[in-house]
Amino acid sequence: MRTKKTLAAAALLAAAVLTLSACGTGVDGDKPVAEVSAESGSNKAATVLDQPFEKPDLVLTDTHGRKYDLRAQTKGKPTLVYFGYTHCPDVCPLTMNNLAVARKETEKSKELTQAQKDSLRIVFVTTDPERDTPAALGKWLQGIDPDVVGLTGDFPTIQAGARSLGITVEAPRKGKDGKIASTHGTQVIAFSPKTDGGYLLYGQDATVDDYTKDLPKIIKGENP
């Protein structure tokens, strides 16, 4: 029988902070040095946490220039949170496109009510707030999924919010080739609508099919 790996939050934290991607070239140490993934033999993309993460106390600015309180405005709603940036040439757009396609597929689900489908929140928090203004972030997300909540703000606040989820975010810096890159963890954290706890973790290898298969259960607050 195949089982899903269940990790204590403390153990996960120690491993997750090592999973980094510079989402570009020209920055030293831009390769992931560790992966958090399902155990050998498991066909599940999600890691289930036995001690869920608390939702970050983040108050940032959305793409319309309005204040967005993550805890208050996603309370009781199935929520997926990802930290990345719009100038990323690889991991970030791939992850967000996978989530966008999976969301559209979920709209066809007959096991969910329309209210349940409408309750899903996908939140993209920029790790490069200096360049990712509300307008720039909104334009980028418009081409991926206009329903995604895009958030920007001051870097220390964003960094602290990511760290509370075991996700390392470093300040954007210029590489040897002159390009600016943002080094950040590539995990997607899913929060339950029942508890508001971050109970599932996905690595950057999660596919459209993985998310499409899991979203109906996430929306209902169940384990995939």
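**Exercise A: pairing of strand S5**

Find the residue of strand S10 that stands opposite Thr79, and describe how S5 pairs with its neighbours.

*Solution.* Step one: Thr79 faces Phe191, a residue of S10. The model is predicted, so local features need pLDDT of at least 70, side-chain atom pairs count only at pLDDT 80 or more, and totals for chains, interfaces and linings use all residues. Residues are numbered from 1 along each chain as its sequence is written, and side-chain values use heavy atoms, with hydrogens and water left out.

Step two: S5 covers residues 79–84 and S10 covers residues 188–191. Helices (H or I, at least four residues) and strands (E, at least two) are DSSP runs, numbered from the N terminus. Two strands pair if DSSP finds at least two bridges between them. S5 and S10 are antiparallel, with 4 bridges.

Step three: strand S6 (residues 121–126) runs parallel to S5, and 6 bridges join the two. In this pairing Tyr82 stands opposite Phe124.

**Exercise B: the faces of S5**

Determine whether the residues on each face of S5 are buried or exposed.

*Solution.* Step one: buried means under 20% relative accessible area, exposed over 50%, and partly exposed in between (1.4 Å probe, protein chains only).

Step two: in a regular strand the side chains alternate between the two faces of the sheet. One side of S5 carries Thr79, Val81 and Phe83, the other Leu80, Tyr82 and Gly84, and all are buried.

Step three: the count for S5 is 6 buried residues of 6. For the whole protein, buried residues make up 51% of the 224 residues.

**Exercise C: packing of H3 against H7**

Classify the packing of helix H3 on helix H7 by angle and handedness, and list the residues in the contact.

*Solution.* Step one: the axes of H3 (residues 91–106) and H7 (residues 208–219) lie 8 Å apart, at an angle of about 55°. Axes are lines fitted to C-alpha atoms, for helices over the stretch in contact, and angles run from 0 to 180 degrees between N-to-C directions.

Step two: angles under 35 degrees count as roughly parallel, over 145 as roughly antiparallel, 65 to 115 as roughly perpendicular and the rest as oblique. H3 and H7 are therefore oblique to each other.

Step three: H3 passes H7 in a right-handed crossing. A crossing is right-handed if the near helix is turned clockwise from the far one by less than a right angle, and left-handed if anticlockwise.

Step four: contact means heavy atoms within 4.5 Å. H3 contributes Asn98, Leu99, Val101, Ala102, Arg103, Glu105 and Thr106, and H7 contributes Val208, Tyr211, Thr212, Leu215 and Ile219. These residues divide into 7 nonpolar, 3 polar and 2 charged. Ala, Val, Leu, Ile, Met, Phe, Trp, Tyr, Cys and Pro count as nonpolar, Asp, Glu, Lys and Arg as charged, and the others, Gly among them, as polar.

**Exercise D: three loop residues**

Place Asp132, Ser192 and Pro89 in their loops, and assign each its accessibility.

*Solution.* Step one: Asp132 is in the loop between S6 and helix H5 (134–142). Its relative accessible area is 0%, so Asp132 is buried. Beyond its neighbours within four places in sequence, Asp132 touches Tyr85, Thr86, His87, Thr126 and Thr152.

Step two: Ser192 is in the loop between S10 and strand S11 (198–202). Ser192 is buried because its relative accessible area is 3%. With neighbours within four places left aside, Ser192 contacts Lys77, Gly197, Tyr199 and Gly221.

Step three: Pro89 lies in the loop between S5 and H3, and its 57% relative accessibility makes it exposed.
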